[in-house]
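Student: I would like to go through the aromatic residues of this model with you. Could you show it to me first?
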Amino acid sequence: MATTLTIHQRAVRSTVVKKAVMAVSGLIMIAFLLFHMYGNLKMFVGTEAFDHYAHWLKGATEDGGILYPIMPAGTFIWVFRFVMVIAVAAHIWSAYVLTMETRANRGDKYVNIKKQAQTYSARTMRWGGVIVLAFLIFHLIQFTIVPGSMGGSGDEPHTMVVAGFQQWWMVALYAICMVLVCMHVRHGFWSAFTTLGANTSANARKWLNILAYAVAAILYVGFMIMPLAVLFRVIPA
């Protein structure tokens with residue numbers, strides 16, 4: 001026999017789905033950040049190693065790049081970019097819709113009271129997310145859409161990165177934006193696993209918090225060590 005859901009039940013089920021979309025898309029982006037951080041650290045290996053890595057991602061190496069010959073050379077990077085665009089769009093959509101639903105259902109007065117009990121990173125998730133998105137667009141323009149726009153050659157990833165981070169203001173901007181990114185990651189990591197059912201006890205909650213802070217700290221140190229090494233000439237041009 002078919003069961004007819006009430007309006008309230010449908011709303012709850014819809015909210016659960018949106019939270020799951022937000023959690024999964026957020027974890028996909030965190031996984032990307034960890035991978036991207038690892039790739040950046042190849043700058044310490046040397047010019048040839050980093051350039052080969054950058055070209056390998058795009059399928060522009062002799063071995064055809066990632067998943068070649070399963071995919072034609074250079075195809076994987078476009079599939080990857082498409083997945084990331086979908087993840088970012090799904091994350092923004094679910095965050096916006098859930099925020100609007102919360103305000104509509106609880107009212108602004110309740111939301112203002114609720115904010116007092118939240119952590120700073122939780123309170124700044126929305127605006128932090130907007131700033132992170134703006135930084136992402138700038139970062140893509142600098143190194144992907146208009147490569148070499150901050151100096152260096154678009155065909156030589158190592159020299160392009162060095163040219164960008166030899167400028168103190170670029171490193172300072174990067175450091176500030178990475179603080180916001182990692183605050184977003186810290187809260188998002190915890191929230192995502194809570195949504196997916198991992199926050200089942202006080203002990204689980206403790207370890208989720210530890211892992212969330214650890215991932216955020218690893219990302220911040222991992223992303224900042226390379227630009228600082230470039231700025232202080234530890235990594236030569």
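Student: Is phenylalanine 80 buried or exposed?
Tutor: Phenylalanine 80 counts as partly exposed, because its relative accessibility is 26%; buried means under 20% relative accessible area, exposed over 50%, and partly exposed in between, with a 1.4 Å probe and protein chains only. This is a predicted model, where local features need pLDDT of at least 70, side-chain atom pairs count only at pLDDT 80 or more, and totals for chains, interfaces and linings use all residues. Residues are numbered from 1 along each chain as its sequence is written, and side-chain values use heavy atoms, with hydrogens and water left out.

Student: Why is the pair of phenylalanine 76 and phenylalanine 80 stacked?
Tutor: The ring centres of phenylalanine 76 and phenylalanine 80 are 6.1 Å apart with planes at 25 degrees, so the pair is stacked. Rings of Phe, Tyr and Trp (its six-membered ring) pair if their centres lie within 6.5 Å; planes under 30 degrees apart count as stacked, over 60 as edge-to-face and the rest as tilted.

Student: And where do these two residues, phenylalanine 76 and phenylalanine 80, lie?
Tutor: Both are in helix α3, four residues apart, about one turn of the helix; helices are DSSP runs of H or I with at least four residues, numbered from the N terminus. Phenylalanine 76 is partly exposed, at 22% relative accessible area.

Student: Which residues form the aromatic cluster?
Tutor: Phe32, Phe76 and Phe80 form one cluster.

Student: Changing topic, what is methionine 178 in contact with?
Tutor: Leaving aside neighbours within four places in sequence, methionine 178 contacts Phe135, Leu219, Tyr220, Phe223 and Met224, where contact means heavy atoms within 4.5 Å.
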